[in-house]
Amino acid sequence: MSICDLCEEQAKKWYVAKPHESLRKVDEVRIYKGVKPRGFQEQDYQCLVCSAKFTHSTDKNDLPWTLWRG
Ligand SMILES: [Zn+2]
């Protein structure tokens, strides 16, 4: 599966980065409150251009932008 340039760049970004312009939210944000110190959130995205899927996580121990390669 090949992905577009914007998605290639997104996969390298820090957790505070915004999703690129062709990424759309998939499902609702998932909130994990039980994790120290302040919990974290995950949100799934899919690219309208190349259909790549990302999960964005604010968990500092996880990758900020996880690209799911098909
Ligand atoms: Zn893309």
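**Exercise 1. Find how well strand β1 is covered in this predicted model, and how many of its residues are buried.**

Solution. Step 1: strand β1 has 10 residues. Step 2: a residue counts as buried if 20 or more other C-beta atoms lie within 10 Å of its own. Step 3: the count of buried residues in β1 is 1, and the strand is hardly covered.

**Exercise 2. Classify Arg24 and Asp27 as buried or exposed.**

Solution. Step 1: Arg24 has its place in strand β1, and Asp27 lies in strand β1 too. Step 2: a residue is exposed if 12 or fewer other C-beta atoms lie within 10 Å of its own. Step 3: Arg24 has 11 other C-beta atoms within 10 Å, so Arg24 is exposed. Step 4: Asp27 has 10 C-beta neighbours inside 10 Å and therefore counts as exposed. Asp27 also has a phi near 65°, a positive value in a residue other than glycine.

**Exercise 3. State which residues Arg24 is in contact with, leaving aside its neighbours within four places in sequence.**

Solution. Step 1: two residues are in contact if their C-beta atoms lie within 7 Å. Step 2: Arg24 meets this condition with Tyr45, Gln46 and Leu48. Step 3: a C-alpha distance can be added for Cys47, which is 23 residues from Arg24 along the chain and separated from it by 6.3 Å.

**Exercise 4. Work out the order of the strands in the sheet and name the edge strands.**

Solution. Step 1: the protein chain has 1 helix and 4 strands. From the N terminus on, these elements run α-β-β-β-β. Step 2: the 4 strands form an open sheet in the order β1-β2-β3-β4, with antiparallel pairing. Step 3: β1 and β4 (65-68) each pair on one side only, and these are the edge strands. Step 4: on average, neighbouring strands of this sheet are turned by 20° against each other, direction ignored.

**Exercise 5. Give the number of bridges between β1 and β2, and between β3 and β4, with one residue pair for each.**

Solution. Step 1: β1 and strand β2 (residues 40-47) run antiparallel and are joined by 7 bridges. In this pairing, Arg30 stands opposite Glu42 in β2. Step 2: strand β3 (residues 53-57) pairs with β4 in the antiparallel sense over 4 bridges. Here His56 has Trp65 in β4 as its bridge partner.

**Exercise 6. Compare Gln10 with Lys12: which is buried and which is exposed?**

Solution. Step 1: Gln10 has its place in helix α1, while Lys12 is found in the loop between α1 (5-10) and β1 (23-32). Step 2: Gln10 has 24 other C-beta atoms within 10 Å, so Gln10 is buried. Step 3: Lys12 has 10 other C-beta atoms within 10 Å, so Lys12 is exposed. Step 4: not counting residues up to four places away in sequence, Gln10 touches His20, Phe54 and Trp65. Step 5: two C-alpha distances complete the comparison. Gln10 and Gly39 are 29 residues apart in sequence and 23 Å apart in space. Lys12 and Ser57 are 45 residues apart along the chain and separated by 13 Å.

**Exercise 7. Describe Ser51 by its place, its exposure and its phi angle.**

Solution. Step 1: Ser51 is placed in the loop between β2 and β3. Step 2: inside 10 Å there are 12 C-beta neighbours, so Ser51 counts as exposed. Step 3: phi of Ser51 is near 70°, which is positive in a residue other than glycine.

**Exercise 8. Name the residues of the largest nonpolar core and list the residues that Ala52 touches.**

Solution. Step 1: the largest nonpolar core has 7 residues in all, namely Cys7, Leu23, Tyr45, Cys47, Ala52, Phe54 and Trp65. Step 2: not counting residues up to four places away in sequence, Ala52 touches Ile3, Cys7, Cys47 and Leu67.

**Exercise 9. Check the radius of gyration of the protein chain against that of a compact globule.**

Solution. Step 1: a compact globule with 70 residues would have a radius of gyration near 11 Å. Step 2: the protein chain has 12 Å, which agrees. Step 3: along the principal axes, the C-alpha atoms fill a box of roughly 35 × 20 × 20 Å. Step 4: of the 70 residues, 13% count as buried. Step 5: among contacts with a separation of 6 or more, residues 24 or more positions apart account for 40%.

Methods:
Residues are numbered from 1 along each chain as its sequence is written. This is a predicted model: local features need pLDDT of at least 70, side-chain atom pairs count only at pLDDT 80 or more; totals for chains, interfaces and linings use all residues. Helices (H or I, at least four residues) and strands (E, at least two) are DSSP runs, numbered from the N terminus. The radius of gyration is taken over C-alpha atoms; the globule rule is 2.2 Å times the number of residues to the power 0.38. A nonpolar core is a set of buried Ala, Val, Leu, Ile, Met, Phe, Trp, Tyr and Cys residues joined through C-beta atoms within 7 Å. Two strands pair if DSSP finds at least two bridges between them. Axes are lines fitted to C-alpha atoms, for helices over the stretch in contact, and angles run from 0 to 180 degrees between N-to-C directions.
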